[in-house]
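Open the model in a viewer and keep the selection panel at hand. The stops below go from one selection to the next.

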Amino acid sequence: MNVHRNRSRQSRIKVYIVAGIAILIVLLVVGVGFIRKTYLDNLKPVSNLQQAHVVTIAPGSTSSEIADNLYAKKAIRSDWAFEWYIRNHQLRDQLKAGTYVVYESQSVQEIVKTLVSGKEATDLVTILPGKRLGQIRDALIKADFKAEEVDAALEPTQYAEHPALTDKPADANLEGYLYPESFQKTAQTTPQEVIKQSLDQMQLRLTPEIRQAYSKQGLTVHQAVILASIVEQEVSNAPDRAQVAQVFLKRYKDNMSLGSDPTAFYGAIMDGQPASVLYDSPYNTRMHAGLPPGPIGNASESSLKAVAFPAQTDWVYFVAGDDGKTHFSKTLQEHEDLTRRYCTKLCGQ
């Protein structure tokens, strides 16, 4: 009897094991099928609209960075599906740097074909980083928009409800808020549409996480935009910007003057004077403590992020050298020594 019971128990165990394996196989097949369906769905166009998006791929961009860029522009449904497609078709090294126009009605396959072709977009309006509002106005006019239309488009009150401008003082213009990007231009494009798209791009960078990070630094969003505009013009090497932001934040919080040459230049230019650190204006942070009254130009994403997430260092000074590098120091003596050593041309201007 015991032998029979043992055999019966063993038989049931085998049945359970077989059934369990069968269930696992079914679940695996269903799971793989679900993942595959999700993947294929995410390769489809975002919509059937002919909405264009201008995408710039910087030299050396990774497939992950390109996917993030396209997803942020809402040109694709999923960043991971785009990366899977690139990897599965061994196209990582075939994506070419450049500026392209892609459409929401295009699938991932079609978008990738455009990026691999290297056929860059034409008829673009480009707002460059580190530019003053007046320089952006000139660029729009050079893009064949009429001057009076551009001036009307730059009137800030018509964008008062735009989420990128919620922290901008009501009486301030759009200085600092026009995000640097390229935008497609057709015969029907208006300068208002370009400004609106630029503000849309700015809002994409002012994420809730970034806004919260600014608050943790003791800054309003407007103050952060001011500081980011200074960082943008002080140093061209993006990896150094977090350290430069740390220097300015430390000086600001310690009630030291920021000592930024570009702010002094801006104040002089706005008053119709030659750019000079000796010109006394509210923007001259060599002469006046605290932040200047407003941004001194627009800022790229790296500068906006640098102010949100500054480096964890205790530098107090820096100098951008003739060698293209930024040299940091803790004391005035060290700063002066580095300036004499590395900044003979730039600092002599």
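This is a predicted model. Begin by selecting Asp254 and Lys250, which form a salt bridge whose closest N and O atoms are 3.4 Å apart. Colour the two by accessibility: Asp254 is partly exposed at 42% relative accessibility, and Lys250 is also partly exposed, with a relative accessible area of 29%. Both values fall between the 20% and 50% cut-offs, which is why neither residue is called buried or exposed.

This pair belongs to a wider set, as the structure holds 14 salt bridges. The next stops visit others.

Select Arg137 and Asp151. Here the closest N and O atoms of the salt bridge are 2.6 Å apart. Show the cartoon as well: Arg137 sits in helix H5 (residues 133-142) and Asp151 in helix H6 (residues 147-153), so this salt bridge ties together parts 14 residues apart in sequence. As for accessibility, Arg137 has a relative accessible area of 27% and is partly exposed; Asp151, at 38%, is partly exposed too.

Move on to Arg211 and Asp167. Their side chains meet in a salt bridge, with 3.1 Å from N to O. Which parts of the chain does this pair link? Arg211 is in helix H8 (residues 208-216), while Asp167 is in the loop between H6 and strand E4 (182-184). The two residues are 44 residues apart, and the pair links distant parts of the chain. Asp167 counts as partly exposed, at 33% relative accessibility.

Now select Lys37, Asp41 and Lys44 together. These three residues are linked in a network of salt bridges.

For the last stop, leave the salt bridges and select Ser229, which lies in helix H9 (residues 221-234). Is Ser229 buried or exposed? Its relative accessible area is 0%, so Ser229 is buried, the cut-off for that term being under 20%. Turn on the side chain and look for the backbone oxygen of Ile226: the side chain of Ser229 reaches that oxygen at 2.6 Å.

Then display what surrounds Ser229 from elsewhere in the sequence. With neighbours within four places in sequence left aside, Ser229 is in contact with Pro295, Ile296, Gly297, Asn298 and Ala299. Keep these residues on screen with Ile226 to view the backbone oxygen that the Ser229 side chain reaches alongside the contacts from Pro295 to Ala299.

Note on methods
Residues numbered from 1 in each chain as written. Predicted model: local features only at pLDDT ≥ 70, side-chain atom pairs only at ≥ 80, totals over all residues. Heavy atoms only, no water. Helix = DSSP H or I, 4+ residues; strand = E, 2+ residues; numbered from the N terminus. Buried < 20%, exposed > 50% of the residue type's maximum accessible area, 1.4 Å probe, protein only. Polar contact = N/O pair within 3.5 Å; in protein donor to acceptor, adjacent residues only side chain to side chain. Contact = heavy atoms within 4.5 Å. Salt bridge = Lys/Arg side-chain N within 4 Å of Asp/Glu carboxyl O.
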